[in-house]
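Colleague: I should be grateful for a close look at a single part of this model. Please take one helix and explain, step by step, how it is placed among its surroundings.

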Amino acid sequence: MSSSTPLLTLGKGTSNINGGGGGSPIQVNAYLWRATLSTLAFMPLVSADPFGGVIITDWYTPPASPGERFKVNAYIMSRQLTANAVQVSVFHQINQGGQWVDSPADPSVASGLEDRILAQAADLQAADKNAK
């Protein structure tokens, strides 16, 4: 690499989010990215990496269930909007005697979040195409 080649370009190449030219390309589908952030917006975020496609939430305690909490890791695996392009892992803990203890999460929670993300991403993509 020459000394004139930048390692990181900021503020350029925003058209590349959906596969356009210029700048450093984001390696994930922009609709999935936006849908995932929107779907998980009720949970506090710890980390969101649009280049790696990883979103990590902090623990969230549902108001109706103060004795349990959930944490989610979401991975966007592709630039294509396909059913296997998003993977969600849900972690669950219950409070026992003042200590948080790991407990198996219902697998339907992760698949439900994945379904919601995919549906919202498809809606975003359709709305974008209709606007053009």
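Modeller: The following account deals with helix H1 and then turns to the loop after it. Please bear in mind that the structure is a predicted model.

Helix H1 covers residues 30–39. Is this helix enclosed or open? Seven of its ten residues are buried, so H1 is largely enclosed by the rest of the structure. The buried residues are Ala 30, Tyr 31, Leu 32, Trp 33, Ala 35, Thr 36 and Thr 39. To count as buried, a residue must have under 20% relative accessible area. The cover over these buried residues includes the strands E1, E2, E3 and E4, together with helix H2.

Helix H2, residues 107–131, deserves particular attention. How do H1 and H2 pack against each other? Their axes are 8 Å apart, and the angle between them is about 125°. The two helices are therefore oblique to each other, and their crossing is right-handed. On the H1 side, the contact is made by Tyr 31, Leu 32, Arg 34, Ala 35, Thr 36, Ser 38 and Thr 39. On the H2 side, the residues in contact include Leu 113, Ile 117, Gln 120, Ala 121 and Leu 124. A general rule helps in reading such lists: an α-helix has 3.6 residues a turn, so residues three or four places apart point the same way.

One residue of this contact may be examined singly. Gln 120 lies in helix H2 and, at 26% relative accessibility, counts as partly exposed. Apart from neighbours within four places in sequence, Gln 120 is in contact with Ala 35, Ser 38 and Thr 39. Its C-alpha atom is separated by 8.2 Å from that of Tyr 31, although the two residues are 89 residues apart along the chain.

The loop between H1 and strand E1 holds Phe 42. This residue is partly exposed, with a relative accessible area of 44%. The structure holds one aromatic pair, and Phe 42 forms this pair with Tyr 60. The arrangement is edge-to-face, with 5.0 Å from centre to centre and 85° between the planes. Because Tyr 60 lies in the loop between strands E2 and E3, the pair ties together parts that are 18 residues apart in sequence.

In summary, H1 is largely enclosed, H2 crosses it obliquely, and the loop that follows H1 contributes Phe 42 to the aromatic pair with Tyr 60.

Terms used: Residues are numbered from 1 along each chain as its sequence is written. This is a predicted model: local features need pLDDT of at least 70, side-chain atom pairs count only at pLDDT 80 or more; totals for chains, interfaces and linings use all residues. Side-chain values use heavy atoms; hydrogens and water are left out. Rings of Phe, Tyr and Trp (its six-membered ring) pair if their centres lie within 6.5 Å; planes under 30 degrees apart count as stacked, over 60 as edge-to-face and the rest as tilted. Helices (H or I, at least four residues) and strands (E, at least two) are DSSP runs, numbered from the N terminus. Buried means under 20% relative accessible area, exposed over 50%, partly exposed in between (1.4 Å probe, protein chains only). Axes are lines fitted to C-alpha atoms, for helices over the stretch in contact, and angles run from 0 to 180 degrees between N-to-C directions. Angles under 35 degrees count as roughly parallel, over 145 as roughly antiparallel, 65 to 115 as roughly perpendicular and the rest as oblique. A crossing is left-handed if the near helix is turned anticlockwise from the far one by less than a right angle, and right-handed if clockwise. Contact means heavy atoms within 4.5 Å.
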